Amino acid sequence: MVHPYYVEVRGSSAVHQPEFLCIQPGDVVWVEPPAAAAYLASVLHVEGGARSAHPSYAQVVREDDLAVLTIQPDWVSQRCAG
């Protein structure tokens with residue numbers, strides 16, 4: 001069974017990582033929190049976990065009102081060209 005965050009490419013055995021594993025400061029991302037409207041944000045800081053290099057949380061600046069927010073990286077659905 002493939003992990004729900006991973007997408008398998010047809011005709012290939014390659015499995016792609018989810019977008020949130022690749023975010024880094026300076027990226028522009030599309031954030032989809034579970035209980036609020038989605039928004040565009042710039043990544044300020046990404047903190048990795050103690051047991052893994054995968055992000056534990058990220059701080060972003062929401063583009064609409066310049067609010068600095070702490071988010072769960074798995075809320076990132078897409079990295080945008082920025």
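**Figure 1. Five strands of this predicted model form an open sheet.** The strand order is β6-β5-β4-β3-β7, with antiparallel pairing. The edges belong to β6 (68-71) and β7 (76-80); each has a single partner strand, so one side of each is left without a neighbour in the sheet. From one strand to the next, the twist averages 40°. As a reminder for the views that follow, strands of a sheet pair through backbone hydrogen bonds, either parallel or antiparallel.

**Figure 2. The protein chain as a whole has seven strands and zero helices.** Followed along the sequence, the pattern reads β-β-β-β-β-β-β. The protein chain has 82 residues, of which 24% count as buried. Take the contacts between residues at least 6 apart in sequence: 32% of these join residues at least 24 apart.

**Figure 3. Strand β3 pairs with β7 on one side of this close-up and with β4 in the other pairing shown.** Strand β3 covers residues 28-31, and its antiparallel pairing with β7 runs over four bridges. Two of the residue pairs are worth finding here: Val-31 has Val-76 of β7 as its bridge partner, while Val-29 is partnered by Arg-79, also in β7. Turning to strand β4 (residues 39-48), four bridges join this strand to β3, again in the antiparallel sense. Here, Val-28 has Ser-42 of β4 as its bridge partner.

**Figure 4. Asp-27 sits in the loop between β2 (15-16) and β3.** Is this residue buried or exposed? Asp-27 counts as buried because its relative accessibility is 13%, below the 20% cut-off. A polar atom of the Asp-27 side chain lies 2.9 Å from the backbone nitrogen of Gln-24. Which residues beyond its neighbours within four places in sequence does Asp-27 contact? They are Cys-22, Ala-41, Ser-42, Val-43 and Arg-79. Two of these names have already appeared in the sheet: Ser-42 as the β4 partner of Val-28, and Arg-79 as the β7 partner of Val-29.

**Figure 5. Strands β4 and β5 pair over seven bridges.** The pairing is antiparallel, and within it His-45 stands opposite Gln-59 in β5. Gln-59 also leads the eye onward to the edge of the sheet, since its bridge partner in β6 is Thr-70. When following side chains in this view, keep in mind that in a regular strand the side chains alternate between the two faces of the sheet.

**Figure 6. Glu-47 lies in strand β4 and makes a polar contact with His-45.** The contact joins the two side chains at 3.1 Å. With 32% relative accessibility, Glu-47 counts as partly exposed. Leaving aside neighbours within four places in sequence, Glu-47 touches Pro-55, Ser-56 and Tyr-57. How far apart in space are Glu-47 and Ala-58, which are 11 residues apart in sequence? Their C-alpha atoms are 6.1 Å apart.

**Figure 7. Strands β5 and β6 form a hairpin with five residues between them.** Four bridges join the two strands, which run antiparallel. Leu-66 is found in the loop between β5 (55-62) and β6. What stands out in the backbone of Leu-66 is a positive phi, near 60°, in a residue other than glycine. Leu-66 counts as exposed, because its relative accessibility is 62%, over the 50% cut-off.

**Figure 8. Arg-62 lies over the face of Tyr-39.** The distance from Arg-62 to the ring centre of Tyr-39 is 5.4 Å. How many aromatic pairs does a search of the whole structure find? The search finds zero.

Methods. Residues are numbered from 1 along each chain as its sequence is written. This is a predicted model: local features need pLDDT of at least 70, side-chain atom pairs count only at pLDDT 80 or more; totals for chains, interfaces and linings use all residues. Side-chain values use heavy atoms; hydrogens and water are left out. Rings of Phe, Tyr and Trp (its six-membered ring) pair if their centres lie within 6.5 Å; planes under 30 degrees apart count as stacked, over 60 as edge-to-face and the rest as tilted. A charge sits over a ring if NZ of Lys or CZ of Arg is within 6 Å of the ring centre and within 35 degrees of the ring normal. Two strands pair if DSSP finds at least two bridges between them. Axes are lines fitted to C-alpha atoms, for helices over the stretch in contact, and angles run from 0 to 180 degrees between N-to-C directions. Buried means under 20% relative accessible area, exposed over 50%, partly exposed in between (1.4 Å probe, protein chains only). A polar contact is a pair of N or O atoms within 3.5 Å; within protein, one must be able to donate a hydrogen and the other to accept it, and residues adjacent in sequence count only if both atoms are side-chain atoms. Contact means heavy atoms within 4.5 Å.
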